[in-house]
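Work through these exercises with the model open beside you. Try each task before reading its solution.

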Amino acid sequence: MPRPSCWQKKVPITCLPRAAKEGLVLTLFKARSVITMNPSMPRASAVLVRDGMILEVGEPEHMQPWLEGQEYTVDQQFADNIICPGFIDPHLHPSMAAVLLPMEFITAMRWKLPWGDIEPVTTAEAFDLRMQSLNQTKEPDEPLFIWGYHQLWHGNMSKARIHQVSEQRPIIVWHRSFHELYMNDAAMSMAGIDPAQIRPGMQIDIEQGHFFEVGLGFAINRLNPWILAPEKYAQGLQRLKEVVHHGGHTSIGDLATGLFNFDTEAQALAEQLEGDDVPFRTRLVVHGTRLTQGGRKPEEGPAMADALQSHNSHRLGFAQHIKLFSDGAFFSQLAQMQEPGYIDGHHGEWLAAPEELERHIRAYWQADYQIHVHVTGDLGLELTLDILQKMQDEKPRFNHGFTFEHFGFSTPEQIRRIKALGAQVSANVYYLHELSDSYAKTGIGYERASQMARLRSCFDAGINTTIHSDFTMAPAEPLNSMWVAVTRQNHAGDVMGSEERLTQQQALEAITINAAHTIGLADITGSLRAGKRADFTVLNQDPLTCEPSALRDINIAATVFEGQVFPIE
């Protein structure tokens with residue numbers, strides 16, 4: 001009998017005949033302590049597993065009825081470690097990471113990656129020197145893709161500035177936000193971009209070589225032959241797999257499947273993220289507006305999204321989830337802000353016209369989908385809350401799982417509305433660490449900068465709240481995100497918005513059981529109890545009793561995915 005897919009919720013191992021079950025070897029994992037995230041039994045010392053499923057969590061002496069007359073092994077390798085539920089990042093982008101990870105990184109923050117560290121570059125002069133150095137090391141006809149530029153550290157970018165490095169080599173400088181990029185003339189020629197194609201309102205400044213938000217999609221469509229080249233894309237997904245494993249994840253959410261090209265992505269994901277050597281599952285959530293591009297109506301989307309579930313495999317699976325977009329990129333200061341707005345008076349951008357966003361949301365709401373909406377500014381949040389209120393008025397729904405993704409800026413009053421409307425929050429708390437110091441001075445002032453990602457308010461209101469990386473917008477390191485949420489310390493060493501700090505218990509919930517609820521996997525993972533998948537993260541310190549400052553430095557010894565041990569070197 002084939003093993004059930006992890007998306008087949010109603011086909012557990014208990015459906016096997018008793019004789020077949022008795023032929024399976026049981027494994028008893030012992031630990032210094034087991035953190036279950038199950039309030040009825042928060043701590044234990046052992047987990048009993050059969051064929052990837054937890055039979056019982058507790059003390060070994062209580063498990064004898066399972067063991068009598070059965071073949072079993074006692075696994076002592078984690079006897080001195082802490083076992084906790086497998087970490088979950090409910091919002092990252094495998095395909096975006098696969099595109100960016102083969103690029104050259106020039107970033108303002110240090111990045112710790114499994115294959116080496118990227119040292120920070122924090123001035124315009126140092127950025128240009130690094131570009132020049134990279135230009136000299138490349139083959140003459142090889143395009144140069146650079147990721148990590150941010151104007152707050154690296155100054156204003158332009159086509160003319162790139163030309164000072166080279167006018168002959170195609171050079172693409174991708175913004176830290178991913179939502180915008182710059183190209184020199186050689187790159188635009190390589191991509192077949194004709195200035196005559198550019199029309200007003202496309203979010204493209206052709207004189208500066210600047211493509212942003214909707215204009216980024218225009219550029220991506222023409223750069224796909226290079227960024228989605230099969231060998232390079234496969235290399236990027238292999239690197240992504242390393243990153244996810246080293247972060248201690250056993251489940252992730254791909255929150256915009258089809259961002260580049262659905263067919264190419266689907267094939268590559270199936271080749272690289274499915275198989276016995278992959279230590280995690282991926283919830284695929286399709287990019288709603290990409291799904292119906294090319295003249296299709298939003299109302300056609302739900303049926304198209306339903307059909308995608310036929311592609312589900314053991315580790316890769318769609319469900320009734322959809323991703324939509326409200327306002328612009330947080331890192332680009334293109335979030336839509338309520339008054340008093342930005343200090344310099346500039347305005348954010350909409351990723352979809354408000355009426356189009358409402359039309360897409362209505363189509364999926366009526367089809368009973370769980371809707372995830374990218375919102376970064378408090379005006380973007382307000383718009384989306386207004387649309388959600390309309391949906392509840394038109395067709396009341398309970399336990400609908402509507403999720404506000406990223407949740408950069410918000411107001412206390414909006415927290416109340418989120419609770420009243422029954423929605424969830426999935427926040428990128430790393431914004432606070434990297435950007436609050438700079439945004440306090442040059443963006444929106446200290447008060448609002450210090451209250452980015454107001455997570456404690458969400459917990460206190462009883463809103464299901466999780467934290468994510470949006471990798472590569474933040475490191476795919478749940479313990480680092482947990483550290484930021486608990487300490488609220490920014491890169492300058494200042495504590496920002498201390499009243500919004502989470503407890504260690506709350507922060508661990510945010511990267512385990514709450515995250516599982518957000519992507520519809522709470523019935524199979526996110527906590528340790530009988531009947532769930534045997535997904536563990538194994539740590540050398542206790543994340544609930546260690547000093548908060550030590551959270552990000554806890555060593556991850558291994559993960560266990562459905563009972564199979566995957567050591568971390």
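**Exercise 1. Pairing partners**

Which residue in S18 is the bridge partner of Phe 325?

Solution. This is a predicted model. Start with the two strands: S17 and S18 pair in the parallel sense, over 5 bridges. Now look across from Phe 325: its partner in S18 is His 374.

**Exercise 2. The two sides of a strand**

Sort the residues of S18 by the way they point, and decide how enclosed the strand is.

Solution. Step one is the general pattern. In a regular strand, side chains alternate between the two faces of the sheet. Step two applies this to S18. Gln 370, His 372 and His 374 point one way, while Ile 371, Val 373 and Val 375 point the other way. Step three is burial, which here means under 20% relative accessible area. In S18 (residues 370–375), 6 of the 6 residues are buried, so the strand is largely enclosed by the rest of the structure.

**Exercise 3. The whole sheet**

Trace the sheet from edge to edge and name its edge strands.

Solution. Write down the order: S6-S15-S16-S17-S18-S19-S20-S21. That makes 8 strands in an open sheet with parallel pairing. The edges are S6 (87–92) and S21 (465–467), each of which pairs on one side only. On average, neighbouring strands are turned by 25 degrees against each other, direction ignored. Next, check the S21 edge. Its parallel link to S20 (residues 424–427) consists of 3 bridges. There, Ala 427 stands opposite Ile 467 of S21.

**Exercise 4. Two pockets**

Describe the largest pocket and the second largest pocket by volume, lining and residue class.

Solution. Take the largest pocket first.
- It holds about 930 Å³ of space.
- Its lining has 42 residues, and those nearest the centre are Val 214, His 287, Thr 289, Arg 290 and Leu 351.
- At least two lining residues each come from H8 (214–227), H11 (288–291), S17 (316–325) and H13 (354–366).
- H8 gives the most, with 6 residues.
- By class, the lining has 20 nonpolar, 16 polar and 6 charged residues.

Then take the second largest pocket.
- It holds about 640 Å³ of space.
- Its lining has 29 residues, with Gln 370, Asn 399, Gly 401, His 517 and Gly 520 nearest the centre.
- S17 and H21 (513–518) are the elements that give two or more residues.
- S17 gives the most, with 4 residues.
- By class, the lining has 9 nonpolar, 14 polar and 6 charged residues.

**Exercise 5. A closed space**

Which residues line the second largest cavity?

Solution. There are 3 cavities of 30 Å³ or more. The second largest has a volume of about 40 Å³. Its lining consists of Ile 88, Asp 89, His 249, Ile 467, His 468, Ser 469, Glu 477, Pro 478, Ser 481 and Ile 511. S6 and H19 (478–487) each give two or more of these residues. Sorted by class, 4 are nonpolar, 4 polar and 2 charged.

**Exercise 6. Aromatic rings**

Classify the ring pair of Phe 178 and Phe 260.

Solution. A pair of aromatic rings is described by the distance of the centres and the angle of the planes. For Phe 178 and Phe 260, the centres are 5.9 Å apart and the planes stand at 80 degrees, so the pair is edge-to-face. Now place the two residues. Phe 178 is in the loop between S11 (171–175) and S12 (180–183), and Phe 260 is in the loop between S15 (249–257) and H10 (262–272). They are 82 residues apart, so far along the chain that the pair links distant parts of it. Both residues are buried. The model has 18 aromatic pairs in total. Ring pairs also join Phe 330, Phe 331, Phe 409, Tyr 431 and Tyr 439 into a cluster.

**Exercise 7. Unusual backbone**

Find two cis peptide bonds and two residues with positive phi, and place them in the chain.

Solution. Recall the general rule. Most residues other than glycine have a negative phi, and most peptide bonds are trans. Take the cis bonds first. One runs from Glu 339 to Pro 340, with omega near 10 degrees. Pro 340 sits in the loop between S17 and H13. Another joins Phe 471 and Thr 472, with omega about 25 degrees. Thr 472 belongs to the loop between S21 and H19.

Asp 470 lies in the loop between S21 and H19 too. Its phi is positive, about 55 degrees. Asp 470 is buried, with a relative accessible area of 6%. Met 37 has a phi near 60 degrees. Met 37 is found in the loop between S1 (26–35) and S2 (43–50). With a relative accessible area of 10%, Met 37 is buried.

Note on methods
Residues are numbered from 1 along each chain as its sequence is written. This is a predicted model: local features need pLDDT of at least 70, side-chain atom pairs count only at pLDDT 80 or more; totals for chains, interfaces and linings use all residues. Side-chain values use heavy atoms; hydrogens and water are left out. Two strands pair if DSSP finds at least two bridges between them. Axes are lines fitted to C-alpha atoms, for helices over the stretch in contact, and angles run from 0 to 180 degrees between N-to-C directions. On a 1 Å grid over the protein atoms alone, a cavity is a set of points where a 1.4 Å probe fits but cannot get out, and a pocket is an open set with protein on both sides within 12 Å along at least five of seven lines; lining residues have an atom within 4 Å of a point. Grid points are joined across faces, edges and corners, and a volume is the space filled by probe spheres set on the points. Ala, Val, Leu, Ile, Met, Phe, Trp, Tyr, Cys and Pro count as nonpolar, Asp, Glu, Lys and Arg as charged, and the others, Gly among them, as polar. Rings of Phe, Tyr and Trp (its six-membered ring) pair if their centres lie within 6.5 Å; planes under 30 degrees apart count as stacked, over 60 as edge-to-face and the rest as tilted. Buried means under 20% relative accessible area, exposed over 50%, partly exposed in between (1.4 Å probe, protein chains only).
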